[in-house]
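Please open the model in your viewer and keep a selection tool at hand, since each stop on this tour begins with something to select.

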Amino acid sequence: MKAIGLDIGTTTVCTIVLDAENGKVIKSVTLPNDTFISDAKSFEKIQDPEKILKKALAMVDELLSEFDDVVSIGVTGQMHGLLYIDEKGEAVSGLYIWQDASANEIYKDGKTYAQHLTELTGYKMAAGFGAATYFYHSENNMVPASAVKICTIHDYAAMKLAGLKKTVMHTSDAASYGLFDIKNACFDASAIAKAGLKAEMFPDVTSECALLGKKNGNIPVSVAIGDNQASFLGSVCDIEDCLLVNVGTGSQISFSAKTDSAPSGLEIRPCIGDSRLMVGSSLCGGRAFALLENFFRETAELVTGEKCSSAYKGIDNFLENNAEPENPVLFSTLFCGTRENPEERASIENLGIDNFTPGHLVYGVMHGMANELSEMYKAGVSVCEEKPGQLIASGNGIRKNKTLQKIVSDIFGMELKIPAHKEEAAYGSAIFSLTSAGIYDTIQSALQLIQYES
């Protein structure tokens with residue numbers, strides 16, 4: 001038996017074929033999501049949903065032609081994004097992705113659309129949230145006349161795979177839109193009315209491992225889920241007992257939490273059923289290491305007068321052949337600030353004549369990245385009755401950096417495990433689909449398929 005997982009990301013579209021009996025990824029295909037619309041306004045970030053859909057469906061069809069024992073299809077993708085569809089289930093707008101900054105435009109009284117919506121409804125809103133983008137469009141008469149529903153791009157793809165004309169949104173995505181009542185697992189009709197938006201435009205919602213329909217009338221297609229939750233499900237072997245540290249371009253911590261509220265700087269996101277994830281996200285994260293590499297590269301060019309294509313090889317050689325130096329520098333990696341204080345910036349402390357070296361900076365940045373996540377984790381577990389006992393890491397930023405793995409393991413005080421597969425979000429959507437299709441009785445039993453590197 002096989003399951004297909006489809007992940008529609010911002011920069012790539014990925015599909016995997018998962019062996020539903022041993023958990024191994026038999027095949028994976030990744031293509032660029034090169035669908036940005038070039039004539040958008042400077043603050044808009046819009047992709048072409050039809051080009052994305054064509055690419056995604058072709059990838060799934062190709063796998064189905066190669067494997068004749070597929071028992072389920074799961075779909076995930078970039079959260080927050082907004083797409084308008086008509087009564088026939090056809091896209092009638094571009095896809096306004098999570099990076100769209102329309103709601104950061106000034107609305108009135110010096111406040112942005114997102115700030116005004118926050119004050120109006122009591123829900124903390126930000127640019128890129130689907131409901132905030134919808135509010136901007138509504139106030140500027142930009143909602144397509146034929147639009148009857150809003151949805152994510154992966155909702156749209158799942159609907160088409162299932163041969164339907166109407167979407168159902170999982171709570172993992174619905175919460176990312178804003179104006180969502182997590183406790184009651186539904187969009188807040190009162191808040192939507194205060195914003196002057198149409199409640200009927202918001203899709204039906206489910207919190208369960210649910211089937212949407214069937215591909216070609218016989219292959220179950222599950223409701224699409226958000227990529228944060230999909231990555232979590234594609235990485236951990238136990239929802240209740242695992243802390244996931246993800247380091248890519250950005251970085252995050254995610255772990256189970258039995259609460260509907262989070263400390264400042266963190267957020268609660270629905271997972272499956274009544275389960276919740278406490279999530280902390282760094283605005284810079286793994287990008288901090290890339291910034292250091294760029295600094296070294298520009299320094300090499302300044303000194304030699306010659307172009308330096310990459311400094312990563314030199315950094316890797318240093319880490320492989322040198323122990324962590326004594327008298328460390330204390331590096332804060334808040335290059336992009338925090339969600340609560342976007343104006344905050346990175347800093348270096350304890351810098352003296354004996355530790356102003358490239359090696360100290362390399363280790364300092366890695367400790368800074370790990371410390372930022374650790375501080376989020378400490379704040380999160382402080383409001384929880386229990387804390388996780390297993391540490392899982394995912395993302396290329398940590399998968400390819402054994403020194404960072406050790407630093408994270410030491411700072412969190414737990415042995416670190418890395419999934420054997422690399423396509424965590426697509427894998428998680430496949431796991432979700434196997435549960436939705438009844439191949440596995442519970443999501444917890446399906447998670448036992450996950451294997452870790454030795």
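How far apart are the end C-alpha atoms of helix α1 (residues 49–66)? This is a predicted model, and in it those two atoms are 26 Å apart, which agrees with the 26 Å that the 18 residues of α1 should span at 1.5 Å a residue.

Stay with this helix and select Asp48, which caps the N-terminal end of α1 through a side-chain oxygen that lies 3.0 Å from the backbone nitrogen of Glu50. Then colour the buried residues of α1, namely Pro49, Ile52, Leu53, Lys55, Ala56, Met59, Val60, Leu63 and Leu64.

Next, turn to the largest nonpolar core, which has 72 residues, and select Leu243, Val245, Ile253, Val408 and Phe412, the residues with the most contacts inside that core. Helix α10 (residues 358–381) supplies the largest share of this core, 11 residues. With Val408 as the centre of the view, and leaving aside its neighbours within four places in sequence, you will find Val408 in contact with Val245, Ala370, Leu391, Ile398 and Leu416. A second, separate core of 34 residues can be located by selecting Leu6, Ile153, Met159 and Leu161, which are among its members.

For the last stop, select Ser281, which lies in strand β21 (residues 276–282). Is Ser281 buried or exposed? Its relative accessible area is 10%, and because buried means under 20%, Ser281 counts as buried. Add Gln252 to the selection, and the side chain of Ser281 can be seen making a polar contact with the side chain of Gln252, at 3.2 Å.

How values were computed. Residues numbered from 1 in each chain as written. Predicted model: local features only at pLDDT ≥ 70, side-chain atom pairs only at ≥ 80, totals over all residues. Heavy atoms only, no water. Helix = DSSP H or I, 4+ residues; strand = E, 2+ residues; numbered from the N terminus. Buried < 20%, exposed > 50% of the residue type's maximum accessible area, 1.4 Å probe, protein only. Polar contact = N/O pair within 3.5 Å; in protein donor to acceptor, adjacent residues only side chain to side chain. Core = buried A, V, L, I, M, F, W, Y, C linked by side-chain atoms within 4.5 Å. Contact = heavy atoms within 4.5 Å. Expected span 1.5 Å × (residues − 1).
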